[in-house]
Amino acid sequence: MRVILTTFVILLTATALIYADSNQWGRRVVGDRLLNASTIVNNSLPVPIKTAVFQYLPPLGSARAPNVTYILARDNVRNGLGGYAALISGGINQTHASVKLSSRPNLGFNFTVEVYGR
Ligand SMILES: *[C@@H]1O[C@H](CO)[C@@H](O)[C@H](O)[C@H]1NC(C)=O
Ligand SMILES: *[C@@H]1O[C@H](CO)[C@@H](O)[C@H](O)[C@H]1NC(C)=O
Ligand SMILES: *[C@@H]1O[C@H](CO)[C@@H](O)[C@H](O)[C@H]1NC(C)=O
Ligand SMILES: *[C@@H]1O[C@H](CO)[C@@H](O)[C@H](O)[C@H]1NC(C)=O
Ligand SMILES: *[C@@H]1O[C@H](CO)[C@@H](O)[C@H](O)[C@H]1NC(C)=O
C-alpha cells in the first residue's frame with residue numbers, strides 16, 4: 001500500500017513538474033462531461049509576448065446550457081518555458097468561460113484547454 005501511495009505521490013510530483021505552467025479551476029464532479037477541448041498554439045514571430053483568448057460558449061440553441069465544473073489549461077511545453085493561463089471571464093458555475101493564454105518573452109506557447117460541465 002505504502003509503495004503504491006509513494007509511487008502515486010512521485011507520479012503526481014513529476015506531472016506537476018512536467019506541466020509546470022498548467023493551470024486549473026474548479027473540480028471534476030459526478031456527472032460532468034467534456035464540453036470542449038482545444039489546443040491553442042502561438043509561435044508567431046517576431047511579437048515578443050504572444051497571446052490568445054480561448055472562449056467557451058454554450059452551443060447555440062441549447063435550452064439548458066451546462067454549468068462549467070472544471071477547467072484545465074494544460075501546458076504542452078514540457079521544459080518549464082511554457083506560458084501563462086488566466087481565467088478572464090465566466091468560469092466555474094457559469095455557462096461560459098474565457099481563458100487568456102500568453103507566452104514568456106520571445107517564446108511561443110502551446111496549451112490544451114479542456115472545459116467540463118454538467
Ligand atoms: C471548441 O472551441 C473552439 C474554440 O472556441 C471552437 O472552434 C470549436 O468549434 C469548439 N468545439 C466544440 C465541439 O464545441
Ligand atoms: C499571437 O500573439 C500575437 C500577440 O499577442 C497576436 O497579435 C497574434 O494574433 C497571435 N496569433 C495567433 C495565431 O493567435
Ligand atoms: C446551473 O446553475 C444554476 C444556478 O445554480 C441553476 O439554476 C441551473 O439549473 C444550473 N444548470 C444546470 C444545467 O444544471
Ligand atoms: C502542441 O502540443 C500538442 C500536444 O503535445 C502536440 O500534439 C502538437 O503537435 C503541438 N503543436 C505545435 C504546433 O507544436
Ligand atoms: C459552485 O457551485 C457549487 C455548488 O452549488 C458550490 O459548492 C461551489 O462553491 C461553487 N463554486 C464557485 C467557484 O462558485
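This is a guided walk through the fold of one protein, from its overall plan down to single residues.

The structure is a predicted model: local features need pLDDT of at least 70, side-chain atom pairs count only at pLDDT 80 or more, and totals for chains, interfaces and linings use all residues. Residues are numbered from 1 along each chain as its sequence is written, while chains are lettered from A and ligands numbered from 1 in the order in which they are written.

Let's start with the overall plan. The protein has one helix and seven strands, where helices (H or I, at least four residues) and strands (E, at least two) are DSSP runs numbered from the N terminus. Going along the sequence, you meet these elements in the pattern α-β-β-β-β-β-β-β. Of the 118 residues in the protein, 21% are buried. A residue is called buried if 20 or more other C-beta atoms lie within 10 Å of its own, exposed if 12 or fewer, and partly exposed in between, with C-beta atoms placed from the backbone. Two residues are in contact if their C-beta atoms, placed from the backbone, lie within 7 Å. Among contacts between residues at least 6 apart in sequence, 75% join residues at least 24 apart.

Now for the sheets. Strands of a sheet pair through backbone hydrogen bonds, either parallel or antiparallel. Here, two strands count as paired if DSSP finds at least two bridges between them.

One open sheet is built from four strands in the order S1-S4-S7-S2, with antiparallel pairing. Its edge strands are S1 (23–26) and S2 (33–42), each of which pairs on one side only. Neighbouring strands in this sheet are turned by 10° against each other on average, direction ignored; the axes behind this angle are lines fitted to C-alpha atoms, for helices over the stretch in contact, and angles run from 0 to 180 degrees between N-to-C directions. Look at S1 and S4, which pair in the antiparallel sense over four bridges. Gln24 has Leu72 in S4 as its bridge partner.

An open sheet of three strands has the order S3-S6-S5, again with antiparallel pairing. S3 (51–56) and S5 (84–90) are its edge strands, each pairing on one side only. The average turn between neighbouring strands of this sheet is 20°, direction ignored. S6 (residues 97–102) is joined to S5 by six bridges, and six bridges also join S3 to S6. You can follow single partners here: Leu87 is the bridge partner of Val99 in S6, Val53 has Lys100 in S6 as its bridge partner, and Ala86 also stands opposite Lys100. S6 has two faces: a covered one with Ala97, Val99 and Leu101, and an uncovered one with Ser98, Lys100 and Ser102.

Next, look inside. A nonpolar core is a set of buried Ala, Val, Leu, Ile, Met, Phe, Trp, Tyr and Cys residues joined through C-beta atoms within 7 Å. The largest one has 17 residues, and Ile71, Ala73, Val99 and Val115 touch the most other members. S3, S4 (68–75), S6 and S7 (109–117) each supply at least two residues of this core, and S7 gives the most, with five. Leaving aside neighbours within four places in sequence, Ile71 is in contact with residues including Trp25, Leu87, Val99 and Val115.

The loops have details of their own. S5 and S6 form a hairpin with six residues between them, and Gly91 in the turn has a positive phi of about 125°. Most residues other than glycine have a negative phi. Yet Asn93, in the loop between S5 and S6, has a positive phi near 70°. Asn93 counts as exposed because it has 10 C-beta neighbours inside 10 Å. Asn106, in the loop between S6 and S7, has a positive phi near 65°.

Finally, visit Thr112 in strand S7. Why is Thr112 classed as partly exposed? Thr112 has this label because 16 other C-beta atoms lie within 10 Å. Thr112 and Ala37 are 75 residues apart in sequence and 6.7 Å apart in space, C-alpha to C-alpha. Ligand 4 is surrounded by Thr39, Val41, Asn76 and Asn110, a residue being near a molecule or strand if its C-beta atom, placed from the backbone, lies within 6 Å of it. Leaving aside neighbours within four places in sequence, Thr112 is in contact with Ala37, Thr39, Arg74 and Asn76.
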